[in-house]
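Biologist: I have a new structure open on my screen and would love some help reading it. Could we go through it together, one question at a time?

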Amino acid sequence: MKKSSKRLIVAALMACLWMLSPISARAQAPWQTDSTTNPTWIASPSTANVGIGTATPQSRCDVSGYLSFGTNQISGFRKSAGKGILIDAYGPSDIEFLASTASNGYGARMYAYNGDGSFRIATRANAASWTDSMTFLGSSVGLGTITPQTRLDVTGGYLSFGTSQAGGFRKTAGSGILIDPYGPSDIEFLASSASNGYGARLYASNGDGSFRIATRSNSTTWTDVMSFLGGNVGIGVTSPTTALQIATPGAALFPARFLSTTSGSGVMLDMTGNGEIDVAGLKIGGTALPDVQSPGQSLYLNRSTNYDVIVGSSTNTHGLQVQSTGTSSFAGNVSVAGTLTATSVVNAVYGQDVAEWVRGDRELAPGTVVIVNPEKTNEVMPSSKAYDTSVAGVVSSQPGVILGRPGELKATIATSGRVRVKVDARRGAIRMGDLLVTSDEPGTAMKSEPIEVGGRKFHQPGTIVGKALEPLPDGVGEILVLLCLG
């Protein structure tokens, strides 16, 4: 050991003895070494301060120079004005915590690095070399890196919370912070420290790569609530196969429920029946059977390509039932492919006759009296002679009921009911109740004149078109006629 070091140690020990001595003893002349120009130590009785390397100590222990631990004075503690104790950044200066005196044992080391001004913490495990574990550089902290690029830069390892390093946070280039999907890695939010309390959990499933959110309620078991897999989201489903898939663990629960906090309206979906969709007063469901309601207002359904409303399909044996006691109105035509059955009365608001689609030998105008065409099957033509027994009916402009289907040159031929008919009163005035027959005027009826047989008057059978419901004193015109062919 060098002589200077021995003198420093002796001075320190004597200074400590002086500080422990009675005050009366300290009141004597100050103790110092044989060097008066550069005292190794000096005690000032007036201030109770001890100086090492200074004759004017400013604090209880004032070291001017270095306080070294080792064989070299080049690094150690030194005092700097206004900075307390300074650990020199040059040379092999550091603070080491060693578990043993072995040069390759366990230990930790704190030091300032002269290369970039960083402060570092290093460790070793049964090795002679030190490994930098933590670095403070500027306002950044690095774990596993000596050049941190962010406030907290973790590289080459894990930032673990738990008893195992198998899962935790790690940094990847350009990816921020990554939570490893393997091992027991997750993020848990617990309402209490109890193992069976309330909580929520975020984790990645190693089975399918999905990201899941789970909860627990006074239980040790976690229940998956929401799952993200690929571009799909599942609620109550761990492996969703659609963009949004919702399921319920119990039949009594709604898979999806959107409620207003004030009125209770919104959307409620239940795949098991007894569910209800409620949107702006429109209610769908709510009973064991499908039910669509619009309380207090009209119900509008539309629209597909060709029809406003489509109900059922060709494979469905059930029909559509309207139980309303009010009047159902259709502004357009109603086409029925099957049988139309009425248990009460069929009312025709405009037409008051029953007609059938029949082909004519030409375009036939409404009110025209027609007969059976003797030269064509199932075809009619305008009448052209008086008292023709082949009379078949009258062309109706707006029948109440139409039978058959329309087609080329087909006209609606009325055979019963009330219809307007072309008549000729030039051969005799027509009064209400008169029987009408065909005339020589094409497509026109006239008053029937009875013949006398055995003193009784008879109208020729098979020639009657109908009974006049309106009079026509003279000329040609149209009147309302009650058809009664015979």
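**A hairpin and its neighbours**

Modeller: Happy to help! Let's start with a hairpin: strands E27 and E28 form it, with six residues between them, and Asn378 in the turn has a positive phi of about 55°. Do keep in mind that this is a predicted model.

Biologist: Is Asn378 buried or exposed?

Modeller: Asn378 sits in the loop between E27 and E28, and its phi is positive although Asn378 is not a glycine. A residue counts as exposed when its relative accessible area is over 50%. Asn378 has 65%, so the label is exposed.

Biologist: Which residue stands opposite Val370 in E28?

Modeller: Strand E27 covers residues 369–372 and pairs with E28 in the antiparallel sense, over three bridges. Opposite Val370 in E28 you will find Pro382.

Biologist: And how many bridges join E26 to E28?

Modeller: E26 spans residues 352–360, E28 spans residues 379–382, and the two run parallel. One facing pair to look for is Arg359 opposite Glu379 in E28. The number of bridges joining E26 to E28 is two.

Biologist: Moving to the open sheet, which strands stand at its edges?

Modeller: Six strands form this sheet in the order E7-E8-E9-E10-E11-E12, with mixed pairing. Each edge strand has a single partner, so one side of it is left without a neighbour in the sheet. The twist averages 15° from one strand to the next. The edge strands are E7 (95–98) and E12 (152–154).

Biologist: Within that sheet, which residue in E11 stands opposite Phe136?

Modeller: Look at strand E10, residues 131–137, and strand E11, residues 140–143: they run antiparallel and are joined by four bridges. Opposite Phe136 in E11 is Val141.

Biologist: What is the accessible area of the nonpolar patch on the surface?

Modeller: The patch is formed by Phe330, Val334, Val336 and Leu340. Of these, Val336 lies in the loop between strand E25 (292–293) and E26, and Val336 counts as partly exposed at 43% relative accessibility. Together, the four residues have an accessible area of about 450 Å².

Biologist: One last stop: how does Leu409 count in terms of accessibility, and at what percentage?

Modeller: Leu409 is in the loop between strand E30 (401–403) and strand E31 (410–424). Its phi is near 60°, a positive value in a residue other than glycine. Partly exposed covers the range between the buried cut-off of under 20% and the exposed cut-off of over 50%. Leu409 therefore counts as partly exposed, at 27%.

Terms used:
Residues are numbered from 1 along each chain as its sequence is written. This is a predicted model: local features need pLDDT of at least 70, side-chain atom pairs count only at pLDDT 80 or more; totals for chains, interfaces and linings use all residues. Side-chain values use heavy atoms; hydrogens and water are left out. Two strands pair if DSSP finds at least two bridges between them. Axes are lines fitted to C-alpha atoms, for helices over the stretch in contact, and angles run from 0 to 180 degrees between N-to-C directions. Patches are made of residues with over 30% relative accessible area and no salt bridge: like charges are joined within 9 Å, nonpolar side chains (Val, Leu, Ile, Met, Phe, Trp, Tyr) within 5 Å. Accessible areas come from the Shrake-Rupley method with a 1.4 Å probe; for residues, only the protein chains shown count as cover. A salt bridge is a side-chain nitrogen of Lys or Arg within 4 Å of a carboxyl oxygen of Asp or Glu. Buried means under 20% relative accessible area, exposed over 50%, partly exposed in between (1.4 Å probe, protein chains only).
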